Amino acid sequence: MIGIFILTFFTSAYNIGYIGNSGEQLKYIEESFHLYSEHSKFNQYENLLKISDSALKDLSLIIDGSGSEISEFQSTEFANINKIPVLILAPGENSEFVFYLDNSYDCSISAIKNALDYFKMTELGVVWSYSQTNKKMVDSLKKIWNKSLISASISNLESTKEIAKVYGKMFKSEGIQDFIFLGDRNICQKLSKAFESSYLAKQGNIAIFINECIYQVNITGAFLLSKAGVVNSENITEYNFNMIKPYFSIFQNPELSPYQIVRMFKKNINPCSFDIVNIQNNTKIIVGKADNNDFNIIDTAIYFGGKNESTRYSKPHIVISANTGFLNPPGYSNVYQNAKYQEGTYFAVEKVNKDRYYFPKYDFILYDKVDCGVSVFDANYSKSCFLKHAPYMGYAYIPTINSMTAAVLKQLAALKIHIPFVGGVGSANTLSNKTTFPTFTRITSSSDYFATAWSKIISIYGWSNLMIFYTNDTYGISIYENMKKESLVQGFNILNQEDERMINPISNSSQLPFYYNSMNHAIDTGCNLMFLAMSDPSPFFWIEGLYDIKVRRGDLVIIFFSISGLDALNSTGANYTKRSELMHGSFFIYNAAWVGDYGEFLKKEYLEYSQKTWARSFFVDAVLTIANSISFLLNQGRFYENITEFMSAQRNIRMEGCTGIISFDHMSNDRNLYYFNLYNFYQDEEEVWHSDAIGLISPVSEIYYTMFNDPVFAQGEIPKDMKENYMDCPFRESKIQDSKTGEGIKIVVSIILLIIATIITFYVSKKVKHTKIIPLNVVCQASFQDYLTLGFTIVESIQLIAIGPNFVAFNRFLNNVSEIISLNLSKAVTFRNTTFWVIFYSMLFSTYVWLIILVLTGLRFFGFYKIACKRLEKFKVLSIPILSNYLFIPVTVCILSILACDKATGSDLTDTYLNYDCNIKCWRNKHLVYVVLACFLIITYIPMAILYRTLWQEDTNGLNIIANSKFLVVKSIVFVVTIVIAKTIKESNPLPYSIVFAIIMLGLLIYTIYIKLPFNYDRANYILKIMYTCVVWNTFICILNNSIEIISYPWLILQLAGWVIIILIGIFLISKLPPNMIIVKRGRKISELFKFAFGNGIYRQSTYDATRIIE
């Protein structure tokens, strides 16, 4: 048994011939072979010719490791002649007795070609390390691949960084998505690391590594095409072993003849077979098989980007992202302005793809799903949202228009999410800090510059005072602090109280009542300029609050610092009526938009996309700067995916955008100073809103401000910074409000006085004996008292016209004359302040003196002072027709005017002021004294005036024209009633008052006709009726004027024509009356006096006789 075993042991040994000079290779082959045939013997030969015939007989296998093509040719010929198997350690195609360790070039190329077809590759990048083998494969691939192919040999490059730069310049700049890597030894590891560091291992790309790369590549999503059986190789040794193992493993069988070895080689070894290996989570997985005829993935493969299916793009994608939405965290109102302005983002992305100027080989993609809040930052909501979207946000992000950007930047930094932010807008001062926010740049300038610009505009317009309110956030605080600093430099004053300037951000109108007092206090300063240093949407809700406290168009000039502009008119939760009332004539300074020829060109192009251009230009430029920076990096072979590289390119950019030349300050995140526009928001006559740039501000130019158009102010012209007080009052017109309480007191007191005076008048009139009126039938000579009576009829009518409806609109002159004659103080402009008090004191004093004289003369206190008593009696007789007739209406009107307190500057009764002197506060102190004196005077004066008017005509000698006593009483009471009504409703309700007055005057006219004899003198009766008819006609014209809106001339013509007709008819009727019973003593004409003086005696005698007859 032992003998048999020994025999078997020794006979299983083989003699192997090795051709080559590498002792190291020989040693490795020998060790590998001994794993299967431990006692086999290796003989090394320099070449085939060195093998002797005797040695050849003992050889079972020849291994050619020379690597020489000549040697390969010789080996093939030698094997066929000597019928001995030859294994060549090189790629090649097997023949009868010749076998190659690796697949042939044609086999490999066919398999690669099948792979390219399987993945539908169109543009191919081939990376290879230089060797004759790889060169042949590349050349063969170029011959059979009829599509775009770019190849790069990286044999001379040692570092991964250098290789990555080649990738950048040769492949990324050309938009290559598909890659074949032909490497050997350790070069594949560098190739794969460079592939990762150049950010090519991303969704849409495919990379296939060939042969020896099997043990060097570890990129999830990569594919390897390797000879079957080598997938588990972890290093070069294992790879070589696994390559040669299928051949050497045969020799574990003993006593194989050369023919048997050949048959087993052919049976067990597929000459063109590949494993399709996929890297999945750092593990090599065989997912399919390939050969020269087929490439088929049968198991699940993982591609770059982590998906289990291939995502193929016609062009590679460069992805950026933006929050283009309107959603806020749950529980908060949505804000739509951001979505409107981000239309510029969409436009710019489309333009980049259309023009292909920046990316001829790429598609520029906008990821617009980042709905993580627009104006409200909720930390938890924002965190979960950004963690969800971060993988898809691409290589730059355009934030919202609102002031939450700083908080988002800080949160993303804490979450280790690093992505450049390029703000289309966003002017908060804190964002300027490059150290705090190293990944941020913005197209607009810091709000500091806007505040500085406003400080200079304030000076240009000649203003020196303003009010300011600001939000308690980084945006508002930075503007306010800068405005305070500028106020010290420029010398303007901030007038509203400092502790009331800061407000919390306002997101709905329910927050406004808390700030009404602050608003009112600011308005009380009298300043016309209100600066709202607030982040959106606070300033627009704020002006709704101003509307709530009765601020109206023209009361203030509003200055905004929020980009929202006219879009805020219809934003979420907006009250259009309130906002439109106060936004007219408002202003805003911001970076200039659509600047220069290129800006105008882009604006025209944008108008084909959308008709609304406000603020869109800044987002257009945000996209264009990103595209410019990425394009620059691509062309330089640098990587825009690297945030450091991107920020360096972005900060060093200099380009022309639609907002002008764009470059960035290296010390901050701000854009370098360029141009600002002064924008004016206003509504034209057709109620169309405008947001015109009316001025250009050039901070770095010699000419700081250039005006394009005149500004539109709600006030109609450039207002002063401080409101002027109303007339000479200690308050402004805007403070004036109607006082229902004051008006009510005026009406009630007036009615009470009227009732009391009427009762006393009727009581007193009953105590007086009234003489029955008998028509005058005796010729009498007219006396002075008769002239007073007739004259009063005319003056009284003029006074009635003044009390009646106002007709200043069409006959200012006659209206003012009647007002003056009647001392009608309803016209506050005519009778105010000193004029009012002179008239009031005169009426008050003279009337009280008259009443005292009446009392003294009636009680006969001057018993022994007969001379004084006679003088008082004489004065009383002379004063009665003046004070009881001519001044009856003026005194009543004037004294009742002290009750005219229906206007106020506040809500309290004591905030009312006298209509005729706004410096006098009503219902307190001195005014109450005047009211008491006036009330007492009205109660006593009206009855006494009516009484003594009757007594005067009864007791006066020489008075021929006597009035009906009852008529005098009724007429006087009617006048008082009319005066009271005029004082209550004339100014506030002109048309109703005109109708009431017309009814009263028609009634009075009818009454005069009814009683037939208001006077005992027929011509006086006609004159009275003529004058009352004129008053009624004037009232009728006033009613028409208040009812029909036409030009004033027709009413003036009708008024004057009616009066003329009435007077002419009256004169005609008077001319038809019987002979006049009152004659006027006729004087002598000058011609007669001359005849009397120089004529003969007969003429003088006749003249004397005629005079005696007349007398």
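In which loop is the place of Pro537? In this predicted model, Pro537 lies in the loop between β22 (529-533) and α18 (538-548). The peptide bond that joins Asp536 and Pro537 is cis, with an omega of about 5°. A further backbone feature concerns Asn211, which is not a glycine and yet has a positive phi of about 55°. Asn211 is likewise a loop residue, found between β9 (206-210) and β10 (223-227).

Two sheets are described here. Strands of a sheet pair through backbone hydrogen bonds, and the pairing may be either parallel or antiparallel. One open sheet is formed by five strands in the order β2-β1-β3-β4-β5, and its pairing is parallel. The edges of this sheet are taken by β2 (41-45) and β5 (98-102), each of which pairs on one side only, and the twist from one strand to the next averages 25°. At the β5 edge, strand β4 (residues 86-91) runs parallel to β5 and is joined to that strand by four bridges; within this pairing, Leu87 has Phe99 of β5 as its bridge partner.

The other open sheet contains eight strands in the order β7-β6-β8-β9-β10-β11-β12-β13, and here the pairing is mixed. Its edge strands, β7 (148-153) and β13 (295-297), each have a single partner strand, so one side of each is left without a neighbour in the sheet. The average twist from one strand to the next is 25° in this eight-stranded sheet. At the β13 edge, strand β12 (residues 283-291) and β13 run antiparallel and are joined by three bridges, and Lys289 has Asn296 of β13 as its bridge partner.

Two helices lie across strands of the eight-stranded sheet. Helix α6 lies across β6 (123-128), β7 and β8 (178-182), and runs at about 170° to β6. Helix α7 (residues 160-172) also lies across β6, β7 and β8, running at about 160° to β7.

Helix α6 (132-144) reappears in the lining of the largest pocket, to which α2 (23-34), α4 (69-82), β4, β5 and α9 (236-248) also each supply at least two residues. This pocket has a volume of about 1,100 Å³. Its lining comprises 35 residues, of which Leu89, Ala90, Pro91, Arg185 and Glu212 lie nearest the centre of the pocket. The element that gives the most to the lining is α9, with six residues. By class, the lining of the largest pocket is divided into 14 nonpolar, 13 polar and eight charged residues.

Enclosed space was examined as well. Rolling a probe the size of a water molecule over the atoms shows where empty space is left. In the whole structure, the search finds eight cavities of 30 Å³ or more, and the largest cavity holds about 180 Å³ of space. The largest cavity is lined by 18 residues, and those nearest its centre are Ile401, Asn402, Ser403, Gly426 and Tyr475. The lining of this cavity consists of 10 nonpolar residues, seven polar residues and one charged residue.

A helix pair completes the description. Two packed helices are described by the angle between their axes and the distance between the axes. Helix α24 (residues 784-803) packs with helix α28 (residues 888-896) at an angle of about 25°, and their axes are 10 Å apart. Because angles under 35 degrees count as roughly parallel, α24 is roughly parallel to α28. From the side of α24, the contact involves Glu796, Gln799, Leu800 and Ile803, which meet Ile889, Pro890 and Val893 in α28. Five nonpolar residues, one polar residue and one charged residue make up this contact by class.

How values were computed: Residues numbered from 1 in each chain as written. Predicted model: local features only at pLDDT ≥ 70, side-chain atom pairs only at ≥ 80, totals over all residues. Heavy atoms only, no water. Axes fitted to C-alpha atoms, helices over the stretch in contact; angles between N-to-C directions. Parallel < 35°, antiparallel > 145°, perpendicular 65-115°, else oblique. Contact = heavy atoms within 4.5 Å. Nonpolar A, V, L, I, M, F, W, Y, C, P; charged D, E, K, R; others polar. Pairing = 2+ DSSP bridges. 1 Å grid on protein atoms, 1.4 Å probe; cavity = no way out; pocket = protein on both sides within 12 Å on 5 of 7 lines; lining within 4 Å. Points joined across faces, edges and corners; volume = space filled by probe spheres on them.
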